[in-house]
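Biologist: Please take a close look at one spot in this model for me, and then work outward from there. I'm at the bench rather than the keyboard, so spell out any cut-offs as you go.

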Amino acid sequence: MRKRIVAGNWKMNKTYEEALTLVSEIDNMVKDEVNGDVTVIVAPPFPFLQSVGKLTQGNDRMHLAAQNVSEHESGAYTGEVSAAMLKSVGVQYVIIGHSERRMYHHEDAQSLYKKLKTAIAQGITPIFCCGEPLEERDADRHFDYVDKQLHDSLSYLSNEEFDNVVVAYEPIWAIGTGRTASSQQAQEMHAYIREQLSRMFDAEAAFKCSILYGGSCNPGNAKELFSQPDVDGGLIGGASLKSRDFTDIIKSF
Ligand code: PEP
């Protein structure tokens, strides 16, 4: 059985007090309302990681993610945060290759590969994001586009390294736009991703890999999306900033 995951990417939102309030609310709702084995992940901004992590320590369903990691191990890289630093404050997951980082921070495939390696070496599970822009979908090149993203960053990992990777399919045209991929569009891309992974790694590893959907997922559409056989959960942006909405998404399994 694959791990079912709902991860909230808070992006550059919330002050310290607001972050603690949000995570406390989520933590309580998850304890009170969520049955079953869903892995819940919150990805607050860097300065809040340790405090947010401490608040969720007693709840083994709640996990901590960073939104980014340096490709470098340590040294003179002003403003960067290493995987070892993240590990030392209790981070278990890290989002790598989000479209906003690819777009605004010019992260390329090689840099993403290095980030994957450094996270995995520290025992931190990468959530590797992929997804096509609208023009690629309109031109019916979305499968090739995503295949290249997977190939260019993931395929150089060993089977053992890949074992712990989570993949998130996030079509760029659906992120923060209110326009969600249909469950059919999500399912066909997730199945395609799994098939490509089974060519790069062994079939069992591909079968075991959790593939999350991201892009305007909300309490109204999560159930339908999560009911697809290759959709193993969601990476949630906007709706993860509201404890009620985020919990209702978690409860959609
Ligand atoms: C995201 O940025 O990862 C995301 C899925 O955002 P939203 O849910 O707001 O579309």
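Modeller: Serine 216 counts as buried, because its relative accessibility is 17% and buried means under 20% relative accessible area, with exposed over 50% and partly exposed in between (1.4 Å probe, protein chains only). Keep in mind that this is a predicted model, where local features need pLDDT of at least 70 and side-chain atom pairs count only at pLDDT 80 or more, while totals for chains, interfaces and linings use all residues. Residues are numbered from 1 along each chain as its sequence is written, and side-chain values use heavy atoms, with hydrogens and water left out.

Where does serine 216 sit? In the loop between strand 7 (211-214) and helix 11 (222-226). Helices (H or I, at least four residues) and strands (E, at least two) are DSSP runs here, numbered from the N terminus. Skipping residues up to four places away in sequence, Ser216 touches Ala174, Gly176, Thr177, Gly178, Arg179, Thr180 and Asn221; contact means heavy atoms within 4.5 Å.

One of those neighbours, Gly176, turns up again in the UniProt record. The unreviewed entry lists Asn9, Trp10, Lys11, Gly176, Ser216, Gly237 and Gly238 under "binding site". Those residues span 230 positions in sequence, but no two of their C-alpha atoms are more than 14.2 Å apart, so they gather at one spot. From this set, Asn9 and Lys11 help line the largest pocket. A pocket is worked out on a 1 Å grid over the protein atoms alone: it is an open set of points with protein on both sides within 12 Å along at least five of seven lines, and lining residues have an atom within 4 Å of a point. UniProt positions are given in the numbering used here, feature names are shortened, and annotations may be inferred rather than shown by experiment.

The record has a second set too. The "active site" annotation, again from an unreviewed entry, covers His98 and Glu170. This pair spans 73 residues in sequence, yet no two of their C-alpha atoms are more than 8.3 Å apart, so they gather at one spot. His98 is the one from this set named in the lining of the largest pocket.

Take His98 next. It lies in the loop between strand 4 and helix 4 (99-104), and at 4% relative accessibility His98 is buried. Leaving out neighbours within four places in sequence, its contacts are Asn9, Lys11, Cys129, Glu170 and Ile175. Asn9 and Lys11 are also on the "binding site" list.

Glu170 sits in the loop between strand 6 (166-169) and helix 9 (183-200), and a relative accessible area of 5% makes it buried as well. Beyond residues up to four places away in sequence, Glu170 touches a longer list that includes His98, Cys129, Cys130, Ile175, Gly214, Gly215 and Leu235.

Now for the scaffold these loops hang on. Eight strands close into a barrel in the order 1-2-3-4-5-6-7-8, and the pairing is parallel. From one strand to the next, the twist averages 25 degrees, using axes that are lines fitted to C-alpha atoms (for helices over the stretch in contact) and angles that run from 0 to 180 degrees between N-to-C directions. Two strands pair if DSSP finds at least two bridges between them. Strand 4 (residues 93-96) and strand 5 (residues 125-130) are joined in the parallel sense by four bridges, and the bridge partner of Ile96 in strand 5 is Phe128.

Strand 3 (residues 62-66) is another part of this barrel. Five of its five residues are buried, so strand 3 is largely enclosed by the rest of the structure. Both of its faces are covered, with Met62, Leu64 and Ala66 on one side and His63 and Ala65 on the other. Strand 2 (residues 38-43) pairs with strand 3 in the parallel sense over three bridges, and Val42 stands opposite Leu64 there.

For contrast, look at Asp37, in the loop between helix 1 (16-33) and strand 2. Asp37 counts as exposed, because its relative accessibility is 51%.

Methods. 1 Å grid on protein atoms, 1.4 Å probe; cavity = no way out; pocket = protein on both sides within 12 Å on 5 of 7 lines; lining within 4 Å.
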